[in-house]
Amino acid sequence: AIRNEQGVLQQVRLDVKQAYIQYQQACSQLDILQTKVKAGLETDLSRVESAYGSGDVAYLLVLQEAHAVIDTRLREAQFIGDVRRASAEL
């Protein structure tokens, strides 16, 4: 019975460690996306829209930048879901 209890305790510890690592990874991915990727893409979109307003670039470039921003927002929503799932698992 003691060995069985020790086995269960080790399994619980392992499960908690794994859940914590998954939570940390999810938070890290979300932080990188929000602080580095998303901000840069939104700045690029503003610049391209301004350049389009001045007649310096084609509208296709504006659409491409807008598409990149939308894709990033989708990834952000997915990462937020990952963080919430990992938090619930923990």
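In this predicted model, Val83 is located in helix H2. The relative accessibility of Val83 is 14%, so this residue counts as buried, the cut-off for that class being under 20%. When neighbours within four places in sequence are left aside, the contacts of Val83 are Tyr23, Ala26, Cys27 and Leu30. The C-alpha atom of Val83 is 8.4 Å from that of Gln24, although 59 residues separate Val83 and Gln24 in sequence.

Phe79 is also a residue of helix H2. With a relative accessibility of 15%, Phe79 counts as buried, because the value is under 20%. Apart from neighbours within four places in sequence, Phe79 is in contact with Gln29, Leu30 and Leu33. Leu30 is thus a contact of Phe79 and a contact of Val83. From Phe79 to Ala19 the C-alpha separation is 16 Å, and the two residues are 60 residues apart in sequence.

Thr72 is placed in helix H2 as well. The relative accessible area of Thr72 is 4%, and Thr72 is therefore buried. Outside the neighbours within four places in sequence, the residues in contact with Thr72 are Leu33, Val37, Lys38 and Leu41. Leu33 appears here as a contact of Thr72 and is likewise in contact with Phe79.

These three residues belong to a longer list. In H2, the buried residues are Val62, Glu65, Val69, Thr72, Glu76, Phe79, Gly81, Val83 and Ala86. The partner against which the buried residues of H2 pack is helix H1, residues 2–53.

Helix H2 itself comprises 31 residues, from 59 to 89. At 1.5 Å a residue, a helix of 31 residues should span 45 Å, and the expected span is found by multiplying 1.5 Å by one less than the number of residues. The C-alpha atoms at the two ends of H2 are 45 Å apart, so the distance in the model agrees with the expected span.

The arrangement of the two helices can be described by their axes. The axes of H1 and H2 come within 8 Å of each other and cross at roughly 165°. Because angles over 145 degrees count as roughly antiparallel, H1 and H2 are roughly antiparallel to each other. The crossing of H1 and H2 is left-handed. Sorted by class, the residues in the contact of H1 with H2 are 21 nonpolar, five polar and 10 charged.

Val16 is located in helix H1. The relative accessible area of Val16 is 44%, so Val16 is partly exposed, a class that lies between the limits of 20% and 50%. Between Val16 and Gln78 the C-alpha separation is 23 Å, with the two residues 62 residues apart along the chain.

Technical notes
Residues numbered from 1 in each chain as written. Predicted model: local features only at pLDDT ≥ 70, side-chain atom pairs only at ≥ 80, totals over all residues. Heavy atoms only, no water. Helix = DSSP H or I, 4+ residues; strand = E, 2+ residues; numbered from the N terminus. Buried < 20%, exposed > 50% of the residue type's maximum accessible area, 1.4 Å probe, protein only. Contact = heavy atoms within 4.5 Å. Axes fitted to C-alpha atoms, helices over the stretch in contact; angles between N-to-C directions. Parallel < 35°, antiparallel > 145°, perpendicular 65-115°, else oblique. Left-handed = near helix turned anticlockwise from the far one by under 90°. Nonpolar A, V, L, I, M, F, W, Y, C, P; charged D, E, K, R; others polar.
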